Amino acid sequence: QDIVFKYQVLAQEKDITLSWDAPRDLPMVFADIGLVERVLQNLLDNALRHTPVGGQVSIQLKNTSNGVCIMVADTGPGIPEAQQAHIFERYRQLETKKAAGSGLGLAIVKKILDIHQATIHVRNREQSGAEFWFQLPMAVG
């Protein structure tokens, strides 16, 4: 919730709707809170950077049988399928990218999730835009 409140201001400045959907009964997960916050910040930075004025960015958390699935989706241009396998490499940016960036954000996301033994996934949405998701394991005990 803290991250959503922080990014609400940035979204409003760009006239982007930022929505948050999370059930109240989410289980505790096994994760480093600071590192997972960094993952969400990087994903939200990218989503806001690539979503046009008037677009939407959403964060959705879902219970799964093994933990919690976290998804960040936007209504930007999406990611060409041929480039999806490479966007998690260091210093790699979309060839069509117009916004400034170092090309490290998604590489950092991947590395942090590797540490958590989680995998980041990406796909283009049917309407438009991209969605990224990962799952964190439920805390035991």
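**Exercise 1. Thr 17**

Task: State which strand holds Thr 17, whether Thr 17 is buried, partly exposed or exposed, and which residues outside its sequence neighbourhood are in contact with Thr 17.

Solution.
1. In this predicted model, Thr 17 is part of strand β1.
2. The relative accessibility of Thr 17 is 45%. Partly exposed covers the range between 20% and 50%, so Thr 17 counts as partly exposed.
3. Setting aside neighbours within four places in sequence, the contacts of Thr 17 are Gly 55, Gln 56 and Val 57.
4. For Gly 55, the separation from Thr 17 is 38 residues in sequence, while the C-alpha atoms are 6.4 Å apart.

**Exercise 2. The chain as a whole**

Task: Give the order of helices and strands along the chain, and say what percentage of the residues count as buried.

Solution.
1. Four helices and five strands make up the secondary structure of the chain.
2. Along the sequence they follow the pattern α-β-α-β-β-α-α-β-β.
3. The chain has 141 residues, of which 38% count as buried.
4. Take the contacts between residues at least 6 apart in sequence: 66% of these join residues at least 24 apart.

**Exercise 3. The two sides of helix α1**

Task: Identify which residues of α1 are buried, which are exposed, and what the buried ones pack against.

Solution.
1. The buried residues in α1 are Ile 3, Val 4, Tyr 7 and Ala 11.
2. Around the helix axis they cover an arc of only 85°, which places them on the same side of α1.
3. The general rule behind such a pattern is that an α-helix has 3.6 residues a turn, so residues three or four places apart point the same way.
4. Asp 2, Phe 5, Gln 12 and Glu 13 are exposed on the other side of α1.
5. The partners of the buried residues of α1 are β1 (17-21), α2 and β2 (56-63).
6. After α1 comes Asp 15, located in the loop between α1 and β1. The phi of Asp 15 is near 55°, a positive value in a residue other than glycine.

**Exercise 4. Helix α1 against helix α2**

Task: Decide from the packing angle whether α1 and α2 are roughly parallel or antiparallel, and list the residues that meet.

Solution.
1. α1 spans residues 2-13 and α2 spans residues 33-50; they pack at an angle of about 20°, and their axes are 11 Å apart.
2. Angles under 35 degrees count as roughly parallel, and α1 and α2 are therefore roughly parallel to each other.
3. The crossing of α1 past α2 is right-handed.
4. From α1, the residues in this contact are Ile 3, Lys 6, Tyr 7, Leu 10 and Ala 11; from α2, they are Glu 37, Leu 40, Gln 41, Leu 44, Asp 45 and Leu 48.
5. Sorted by class, this contact of α1 with α2 contains seven nonpolar, one polar and three charged residues.

**Exercise 5. Helix α2 against helix α4**

Task: Determine how α2 is oriented relative to α4, and which residues of the two helices meet.

Solution.
1. The packing angle of α2 and α4 is about 150°, with 9 Å between their axes.
2. Angles over 145 degrees count as roughly antiparallel, which makes α2 roughly antiparallel to α4.
3. α2 passes α4 in a crossing that is left-handed.
4. Leu 35, Arg 38, Val 39, Asn 42, Leu 43 and Asn 46 of α2 meet Gly 105, Leu 106, Ile 108, Val 109, Ile 112 and Leu 113 of α4.
5. By class, the residues in this contact of α2 with α4 are eight nonpolar, three polar and one charged.

**Exercise 6. Val 68 and Gln 117**

Task: For Val 68 and for Gln 117, decide whether the residue is buried or exposed, and place each in the structure.

Solution.
1. Val 68 belongs to strand β3, residues 67-74.
2. With a relative accessible area of 3%, below the 20% limit, Val 68 is buried.
3. Beyond its neighbours within four places in sequence, Val 68 is in contact with Leu 26, Pro 27, Val 29, Leu 61, Lys 62, Phe 134, Gln 135 and Leu 136.
4. One of these contacts, Phe 134, is 66 residues from Val 68 along the chain, with a C-alpha separation of 8.4 Å.
5. Gln 117 sits in the loop between α4 (105-115) and β4 (121-124).
6. The relative accessibility of Gln 117 is 77%, so Gln 117 counts as exposed.
7. Gln 117 is not a glycine, yet its phi is positive, at about 55°.

Conventions. Residues are numbered from 1 along each chain as its sequence is written. This is a predicted model: local features need pLDDT of at least 70, side-chain atom pairs count only at pLDDT 80 or more; totals for chains, interfaces and linings use all residues. Side-chain values use heavy atoms; hydrogens and water are left out. Axes are lines fitted to C-alpha atoms, for helices over the stretch in contact, and angles run from 0 to 180 degrees between N-to-C directions. Angles under 35 degrees count as roughly parallel, over 145 as roughly antiparallel, 65 to 115 as roughly perpendicular and the rest as oblique. A crossing is left-handed if the near helix is turned anticlockwise from the far one by less than a right angle, and right-handed if clockwise. Contact means heavy atoms within 4.5 Å. Ala, Val, Leu, Ile, Met, Phe, Trp, Tyr, Cys and Pro count as nonpolar, Asp, Glu, Lys and Arg as charged, and the others, Gly among them, as polar. Buried means under 20% relative accessible area, exposed over 50%, partly exposed in between (1.4 Å probe, protein chains only). The arc is that of the directions from the helix axis to the C-beta atoms.
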